[in-house]
Every structure is written in C-alpha cells, then in structure tokens.
Amino acid sequence: MTSHEVLESVAKSMVTAGLYKDEEAAIRALALEQIEKKVAAYQEQIQTFEQKYHHGLDEHSRLLEGKASMEEEEEWMEWKGAAVMLEAWQKALQEVLGGALSAGH
C-alpha cells in the first residue's frame, strides 16, 4: 500500500465515521493539526532560548560571533535550526490555509 493509499484509507474512515464531510476535509484537518503541533513545538523551543538569554537569535549570534565555545556553537546551531524549521512549518501552514480558502472550505 502506498502512502497515498494509506492516507486515502484513513480519510475515508474518518468520513464514514461522520467526522468530516469528505476526504479532502479530513486530510486537510489532519495536515493542519500536524503542522500546528510542529509550529508550537518550535515556538516553545525558541522561547526557551530567548528566556534563557533574554534576547533573540540575531542578538545572540552577534554576541557569539568569533568567540563561541564548542558548547555555545552547538546550542546556537540548535536555536538556529529551530528558527529555520519554525519558518518552514509556518510557510506550510499558510499554504495549507491558503488552499483551504481558495477551495472554499
């Protein structure tokens, strides 16, 4: 069974159970839920760093430039990675929401 077939099967089950009006609505809802969880997780990770250092990533980058220890560099990479992933998931969220609006849902 392909991933597309699995997704279709899950969506059909959700429609049959009366949870959604059609397969597209079910798949879109599943996607939105997953994306929103990712956005929240990366926002939380970034907020933890901001609370720890009392400034944002740009300021942190400036302060560490040319003098970061290996541990500081690893933490900076984790913070930067979270920021990049947050941006990517937020873009995905906008695309899914934009698709929902243009489809008239």
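Me: Are Phe-49 and Trp-79 buried or exposed?
Reply: In this predicted model, a residue counts as buried when its relative accessible area is under 20%. Trp-79 has a relative accessible area of 1%. Phe-49 falls in the same class as Trp-79, and both are buried.

Me: How are the ring planes of Phe-49 and Trp-79 arranged?
Reply: Planes under 30 degrees apart count as stacked. The two ring centres are 5.1 Å apart and the planes of Phe-49 and Trp-79 meet at 15°, so the pair is stacked.

Me: Which helices does the pair of Phe-49 and Trp-79 tie together?
Reply: The two residues are 30 apart in sequence. Trp-79 belongs to residues 70-102 and Phe-49 to residues 23-53, so the helices tied together are α4 and α2.

Me: What is the centre-to-centre distance between Tyr-53 and Trp-79?
Reply: Tyr-53 lies in helix α2 and Trp-79 in helix α4, so this pair links parts 26 residues apart in sequence. The planes are 15° apart and the pair is stacked. The centre-to-centre distance is 5.9 Å.

Me: Which residues form the aromatic cluster?
Reply: The count of aromatic pairs is two. Trp-79 pairs with Phe-49, and Trp-79 also pairs with Tyr-53. The one cluster is formed by Phe-49, Tyr-53 and Trp-79.

Me: What is the relative accessible area of Val-6, which helps make a nonpolar surface patch?
Reply: The patch covers about 300 Å² and is made by Met-1, Val-10 and Val-6. Val-6 lies in helix α1, residues 3-16. Val-6 is partly exposed, and its relative accessible area is 38%.

Notes
Residues numbered from 1 in each chain as written. Predicted model: local features only at pLDDT ≥ 70, side-chain atom pairs only at ≥ 80, totals over all residues. Heavy atoms only, no water. Phe/Tyr/Trp six-rings, centres within 6.5 Å; stacked < 30°, edge-to-face > 60°. Helix = DSSP H or I, 4+ residues; strand = E, 2+ residues; numbered from the N terminus. Buried < 20%, exposed > 50% of the residue type's maximum accessible area, 1.4 Å probe, protein only. Patch = residues over 30% accessible without salt bridge, like charges linked within 9 Å, V, L, I, M, F, W, Y side chains within 5 Å. Areas by Shrake-Rupley, 256 points an atom, 1.4 Å probe, with all protein chains shown as cover. Salt bridge = Lys/Arg side-chain N within 4 Å of Asp/Glu carboxyl O.
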